[in-house]
Amino acid sequence: MSARSKTGNSKSFVDDSNLSALDGDEEVVTAAEVYRQLEQAWMNEKLAPELLPAKSEVVECMMEQVREMEENIRRVKKGDFVASLHELEVERIRYLLASYLRTRLAKVEKFVFDLLVEEDGRDADEPSRLSTEEVAYAREYCKNVESHMGSLALQHMPSNLQTLNKEKVAVRPNMDSYVFLKVRRRCEGVLVDEEDEEAADLEEDSQHLIRYRPIAALIANDSISLI
């Protein structure tokens with residue numbers, strides 16, 4: 001995924017309507033679309049009870065855009081009004097990126113034992129919901145928690161209780177919590193009530209309050225967005 005900005009002129013890259021020129025089979029997107037994807041990923045992550053699959057390509061692409069904008073700003077004459085506007089825009093994007101990554105790290109810390117069990121049990125060809133950096137962070141955080149619990153409490157316990165049972169202490173997301181959503185593409189036969197086997201068609205642009213579990217997969221394919 002790649003996108004190009006027009007930071008050197010008065011047009012903001014998030015308003016860019018031109019497609020970037022790419023070689024090979026890489027996806028061609030506008031910078032505005034990348035920003036929209038990041039904004040939607042941020043909103044979904046904040047509102048979803050579970051950790052969603054990492055949007056690493058979107059984050060990397062947007063960070064590249066920020067670096068290009070900053071480089072262009074440095075070449076503009078100091079005090080230029082357009083440069084000031086772009087500086088504000090860079091700060092806005094940086095905030096969005098930081099908030100998205102902080103939200104994910106908070107969930108990694110909260111669900112660390114459960115996430116690592118999933119990570120260690122997945123097949124080699126199965127995509128991970130964690131980025132490479134998040135996997136490393138989760139393992140280090142888990143090790144630190146075990147070390148802290150061991151020195152603080154477990155070493156003072158009877159020998160048969162000195163091992164931290166990760167299965168028992170693991171915090172898991174509440175997949176049956178309710179969320180607000182907006183339908184981006186029509187979804188047919190969504191099983192909203194598993195017990196009664198009640199299915200419903202979700203019409204495009206409609207909004208619903210519904211249990212998270214039945215619609216979790218629809219977030220991954222961008223059929224719905226949380227609001």
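**View 1. Burial and surroundings of F111 in the predicted model.** In this predicted model, F111 has a relative accessibility of 5% and therefore counts as buried, the cut-off for that class being under 20% relative accessible area. F111 is placed in the loop between α3 (81-110) and α4 (112-121). When residues up to four places away in sequence are left aside, F111 touches P49, V171, R172 and P173. The C-alpha atoms of F111 and A170 are separated by 6.8 Å, although these two residues lie 59 residues apart along the chain.

**View 2. The aromatic pair Y137 and Y141 in helix α5.** A pair of aromatic rings is described by the distance of the centres and the angle of the planes. The count of such pairs comes to one here. The ring centres of Y137 and Y141 lie 6.2 Å apart and their planes stand at 20 degrees, so the pair is stacked, given that planes under 30 degrees apart count as stacked. Because Y137 and Y141 are four residues apart in helix α5 (residues 132-152), about one helical turn separates them. Y137 is partly exposed, its relative accessible area being 29%, and Y141 is likewise partly exposed, with a value of 27%.

**View 3. The two faces of strand β1.** Side chains alternate along strand β1 (residues 178-183). V179, L181 and V183 point to one face and are buried, whereas Y178, F180 and K182 point to the other face and are not buried. Two of these residues also mark the pairing with other strands: L181 stands opposite H208 in β4, and V183 stands opposite I224 in β5.

**View 4. The three-stranded sheet around β1.** The strands form an open sheet of three in the order β4-β1-β5, with antiparallel pairing. β4 and β5 are the edge strands, each of which pairs on one side only. On average, and with direction ignored, neighbouring strands of this sheet are turned by 40 degrees against each other. The antiparallel pairing of β1 with strand β4 (residues 207-211) runs over five bridges, while that of β1 with strand β5 (residues 224-226), also antiparallel, runs over three bridges.

**View 5. Helices α1 and α7 packed on the sheet of strands β4, β1 and β5.** In this sheet, ordered β4-β1-β5, the edge strands are β4 and β5. Helix α1 (residues 31-47) packs on the sheet and touches β1 and β5, its direction making about 60 degrees with that of β5. Helix α7 (residues 212-220) also packs on the sheet, where α7 touches β1, β4 and β5, and its direction makes about 120 degrees with that of β4.

Technical notes: Residues are numbered from 1 along each chain as its sequence is written. This is a predicted model: local features need pLDDT of at least 70, side-chain atom pairs count only at pLDDT 80 or more; totals for chains, interfaces and linings use all residues. Side-chain values use heavy atoms; hydrogens and water are left out. Rings of Phe, Tyr and Trp (its six-membered ring) pair if their centres lie within 6.5 Å; planes under 30 degrees apart count as stacked, over 60 as edge-to-face and the rest as tilted. Buried means under 20% relative accessible area, exposed over 50%, partly exposed in between (1.4 Å probe, protein chains only). Contact means heavy atoms within 4.5 Å. Two strands pair if DSSP finds at least two bridges between them. Axes are lines fitted to C-alpha atoms, for helices over the stretch in contact, and angles run from 0 to 180 degrees between N-to-C directions.
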